[in-house]
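Work through the exercises below with the model open. Try each task before reading its solution.

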Amino acid sequence: MLDAEKKPILKETQTWTLTQKGNKYFLSLEWQGEALTDITINEFDYGGLFLRMPWEKGIKGEVMNAALQKNEKANEKRAMWADVGMEIEGLEPWGHIAIFDHTGNQGYPQPWRVDGQFGIGPVLAKSGDWHIKKGEIKIFQYQIVAYSGDLDTVEMNDLWGDYVGDKGMYNTASLWQIAKQEGRDAKFLNPKEAVEAMTVKEGYSVNAFASEPMITQPIAFCWDDKGRMWIAENRDYENRQEGFANSGDSRILILEDTDRDGVADTKKVFMEGIPFPSAIAVGHGGVFIGAPPNLLFVPDSNNDDKADEKDIKVLLTGWGIRDRHETINSFHWGPDGWLYGLEGFATPSKIRKPNDGEGRLYKHGDEFPKNLLEKEGVDINGGVWRYHPIKERFEVVAHGFSNPWGIDYDAKGEMFITACVIPHMFHIMNGGIYHRQGGQHFNPYVYEDIKTIVDHSHRSAHGGARIYQSDAFPASEQGRLFMANIHDHGVLSDILEPNGSGFTARHSDEFMMANNAQFVGFSMEVGPAGDLYVLDWHDADICGGDVLNKDTGRVFRITPEKSLAENWPGRFDDLNKRSDEELVALQLSKSNWHAQRSRVILQYRAAKKALDANAVKRLNDILANEKSEDIRLRALWTLQITNNLSSQRLLDLLNDKDQYVRSWAIQFLVEDGQPSERAINQMTAMANTETSAVVRRHLAGALQRINEADRWALAESLVRFEEDADDPNIPLMLWFGIEPIVAKQPGRALAMAVESAIPSLYKKLQDVSWMRANWKN
């Protein structure tokens, strides 16, 4: 580099190294600059390494960075890598070139220039002036990857990790820091300005359903049977390590849109002063509230919308609060009548019914119990759990994950959750053990766990899974899973595609982008009119390290500009006023909201007295004669949770034509533990010939809920299915069910290994049974 008088001021050295791995070419670059005098590089929009592909007008192309920001949205944004792909004659599909920034580079991760012709390059000078003193040597390193095909962001993160020597789970952690800084640097937008800044998929619109000062610090929301929205305001949250009962003004609110214009116009305070409410669900004559360390039931016996505070019940206790992000959360009524919830891995808990004076209600200024984990209880430190409101029973459904937040089920009753940090979605099976962000599984003999179902990645932190099952949106959106993303500041959707006994989640849309770095969406709901709602905690500290604005909070409503929802008579009436028969008829509704809320009411009624005989007859008729498997399942679920499904009927349904009816018959037969000998024999027999991978998965899952002596024959049949060798779930669910019995009969386990057509299971059985058999020697 020369100055104006052509005197050298900078000695530059460049080293280029080209390698090939598979179908990709890797060009490693190292630039060294030795200053011969003091040098200042002034702030500028471009400069340094820059790449331009052979683009001309009309050629399709796209730039995407590690934060999954595209084209102009990636300009001036910081990221570890950026990829440009476009149509190139002779290549099918596109040609791509990616550039990797190095962790050792000044300003890492650097801002990127992305121009209108798909030119890309890291540009340190965009961050401000930078200097090289005389005699100082600056080194910048980059790697360029050239390939053809489709961009795989997960693979690209791995390749970048290979380049910088970081293959750990947190090799993209710098993106979190960027996202946090973006939030602090962003301009505060009031609710009206926030809506104006949003972009939403064509054909849809957004409005603020509720916002400050009507609500502040909303952490959870749900619906009641009247179509009103309930909000848990957690004003006791201070930061991730502090806050329990210090504020003293947390509340449970009821909001209503009386004129149905999409904006809440009335507010009632149902309850106030409850410390740290983090989850909420209405049903069974009151409201279930997650308020660590407790699961509470707060009745409203006279329906005056005021809590019967003298009659509050502590149903369960033992939830921890070590990380406020990861305590009890995301209540949702399952199709089977259980209340489901989630728990994060960084907050160990021991769940039990309260005893020895534990069933206390906490108040303003109280201290969180210090001996929480010293009592006997069910361990959970990351997982899915459920509580039955009639049987008063608690179970851990699945262990693992990171900070899961958001759970829902599809039309077949398949459960899915969204999670933070680790890949963002999982398909949930009762008894499953899943990928953990950290720590160890409780069972040291798991060896291998169930992984994510996603084939792509987004910026970290997802929450509020809701599968669209209503009639306002078009058919193209039916069955898609919508979720909020805290770091992307918007609502994304994934397509759930069958894959063996499970699913693959493929990316669909950035459905709504807030374009506001203080939008903190992490919970979602579908409402009675079929609209989509997203809760926005709204704060400049988007990861909850601190609460920087205690008086903000919004719920946004996303609705089609031309809703397809039918405004049938009584759609918005109080469901509690409907007869048993009318509630059963709603199981035929296109609106899952109405079908689901009706089941909760019918379950509550049936616990008090038998349902109307005509209603039960109608359910049986639907189950027997309806063509749609989805509708038949609704009838099956309703019969089960209202105690109108006999063991004999369930046994008959093991031979049903629909695979999910057979699957749910298995699940209900083992729900309460050991089924009858006849049921065991029939399930064992069907395991020999079952043609559905979904049903075989449920049979494998049933192993954990039956006596150990009865597991052998069932497992010995299931291990013979060669088509399940590469299934994402069945080999692992089989192992989780038989692992406890392998040690007790290693010889029989070895025999099972010989008969197994599943290599991964064969190896576990062979290795573990041999090891157990020879320990004494």
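The exercises cover two sheets, one helix pair and one loop residue.

This is a predicted model, in which local features need pLDDT of at least 70, side-chain atom pairs count only at pLDDT 80 or more, and totals for chains, interfaces and linings use all residues. Residues are numbered from 1 along each chain as its sequence is written, and side-chain values use heavy atoms, with hydrogens and water left out.

**Exercise 1. Lay out the sheet of 3 strands and find its edges.**

Step 1. Fix the terms. Strands (E, at least two residues) and helices (H or I, at least four) are DSSP runs, numbered from the N terminus. Two strands pair if DSSP finds at least two bridges between them.

Step 2. Read the order. The sheet is open and runs S27-S28-S29, with antiparallel pairing. Its edge strands are S27 (407–409) and S29 (425–428), each pairing on one side only. From one strand to the next, the twist averages 25 degrees.

Step 3. Check the register. S27 and S28 (residues 415–418) are joined by 3 bridges and run antiparallel. Opposite Tyr409 stands Met415 in S28.

**Exercise 2. Trace the sheet of 5 strands.**

Step 1. Write the order: S11-S34-S33-S32-S31, an open sheet with antiparallel pairing. S11 (199–200) and S31 (462–467) each have a single partner strand, so one side of each lacks a neighbour in the sheet.

Step 2. Follow the pairs. S31 and S32 pair antiparallel over 4 bridges. The bridge partner of Gly463 in S32 is Ala484. S32 and S33 pair antiparallel over 5 bridges, and Asn485 stands opposite Gly490 in S33. Next, 10 bridges join S33 (residues 490–499) to S34 (residues 502–513), again antiparallel. There, Ser493 faces Asp509 in S34.

Step 3. Inspect the turn. S32 and S33 form a hairpin with 4 residues between them. In that turn, His489 has a positive phi of about 55 degrees.

**Exercise 3. Is strand S32 buried or exposed?**

Step 1. Apply the cut-offs: buried means under 20% relative accessible area, exposed over 50%, partly exposed in between (1.4 Å probe, protein chains only).

Step 2. Count. In S32 (residues 481–485), 5 of the 5 residues are buried, so the strand is largely enclosed by the rest of the structure.

Step 3. Sort by side. Leu481, Met483 and Asn485 point one way, Phe482 and Ala484 the other way, and all are buried.

**Exercise 4. Describe the packing of H11 and H13.**

Step 1. Choose the descriptors. Two packed helices are described by the angle between their axes and the distance between the axes. Axes are lines fitted to C-alpha atoms, for helices over the stretch in contact, and angles run from 0 to 180 degrees between N-to-C directions.

Step 2. Read the values. The axes of H11 (residues 693–702) and H13 (residues 730–742) come within 8 Å and cross at roughly 20 degrees. That makes H11 roughly parallel to H13 (angles under 35 degrees).

Step 3. List the contact (heavy atoms within 4.5 Å). H11 supplies Ala693, Arg696, Arg697, Ala700 and Gly701, while H13 supplies Ile730, Met733 and Leu734.

**Exercise 5. Where is Ala264 placed?**

Step 1. Locate Ala264: the loop between S15 (251–256) and S16 (266–272).

Step 2. Test exposure. Ala264 has 8% relative accessibility and so counts as buried.

Step 3. Find its surroundings. Leaving aside neighbours within four places in sequence, Ala264 contacts Phe209, Ala210, Met214, Leu255, Glu256 and Asp257. Met229 is 35 residues from Ala264 in sequence and 8.8 Å away in space, C-alpha to C-alpha.

Definitions and conventions: Parallel < 35°, antiparallel > 145°, perpendicular 65-115°, else oblique.
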